[in-house]
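Please consider the sequence and the structure shown below. The paragraphs that follow lead through the arrangement of the strands and then through the residues packed around them.

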Amino acid sequence: MRTYILCFLALALCSCPEKTRFEQMNSSHTGVKFSNKVNDSDSLHVMNFEYIYNGAGVGIADLNNDGRQDLLFAGNQEASRVYLNEGNFRFSDISFCFEGLDSEQWYSGIA
């Protein structure tokens with residue numbers, strides 16, 4: 001049994017020599033600058049609200065029918081953001097075009 005486990009582990013380690021398909025891109029290139037920071041307090045913490053650190057959500061949709069997928073980020077204590085895809089992994093912030101995306105409301109998801 002030990003031989004089978006060692007063979008399986010060796011095969012598993014050697015079977016993925018390919019480089020990862022994803023790479024991290026700098027926000028100075030993409031234009032996406034969003035971070036959903038949550039500041040807990042005496043009244044707002046994990047004991048009172050167990051889902052406080054789950055985040056709010058990310059949505060992908062073609063908002064202007066140009067064939068490119070645009071990004072929507074919902075914030076909890078941060079203002080939500082909408083980014084228009086300009087192609088070549090470059091996005092512009094068009095949040096000012098939408099009313100009610102301020103940090104006064106706690107968003108819990110995007111559908």
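Two strands are said to pair if DSSP finds at least two bridges between them. In this predicted model, that criterion is met by strand β1, residues 57–61, and strand β2, which pair in the antiparallel sense over 5 bridges. Two positions show how this pairing runs. G57 stands opposite A74 in β2, and G59 has L72 of β2 as its bridge partner.

Strand β2 also pairs with strand β3, which covers residues 81–87; this pairing is likewise antiparallel and extends over 3 bridges. The two strands form a hairpin, with 6 residues between them. Within this pairing, F73 stands opposite R81 of β3.

The wider arrangement is an open sheet of 4 strands in the order β1-β2-β3-β4, with antiparallel pairing. Its edge strands are β1 and β4, the latter spanning residues 90–93, and each of these pairs on one side only. From one strand to the next, the twist averages 25°.

How many of the 5 residues of strand β2 are buried? Burial here requires a relative accessible area under 20%. Of the residues of β2, which occupies positions 70–74, 4 of the 5 are buried, and the strand is therefore largely enclosed by the rest of the structure.

The packing may be followed further through the nonpolar residues. In soluble globular proteins, nonpolar side chains tend to be buried together. The largest nonpolar core of this model consists of 5 residues, namely V32, L71, F73, Y83 and F91. The surroundings of L71 illustrate the packing: leaving aside residues up to four places away in sequence, L71 touches V32, Y83 and F91, and also G59, I60, R81 and V82.

A polar residue completes the picture. N85 lies in strand β3. Is its position buried or exposed? With a relative accessible area of 12%, N85 is buried, because this value falls under the 20% limit. What does the side chain of N85 reach at 3.0 Å? The partner is the backbone oxygen of Q69. When residues up to four places away in sequence are not counted, N85 touches Q69 together with D66, R68, D70, R90 and F91. F91 is thus a residue that N85 touches, and F91 also belongs to the largest nonpolar core.

How values were computed
Residues numbered from 1 in each chain as written. Predicted model: local features only at pLDDT ≥ 70, side-chain atom pairs only at ≥ 80, totals over all residues. Heavy atoms only, no water. Buried < 20%, exposed > 50% of the residue type's maximum accessible area, 1.4 Å probe, protein only. Axes fitted to C-alpha atoms, helices over the stretch in contact; angles between N-to-C directions. Core = buried A, V, L, I, M, F, W, Y, C linked by side-chain atoms within 4.5 Å. Contact = heavy atoms within 4.5 Å. Polar contact = N/O pair within 3.5 Å; in protein donor to acceptor, adjacent residues only side chain to side chain.
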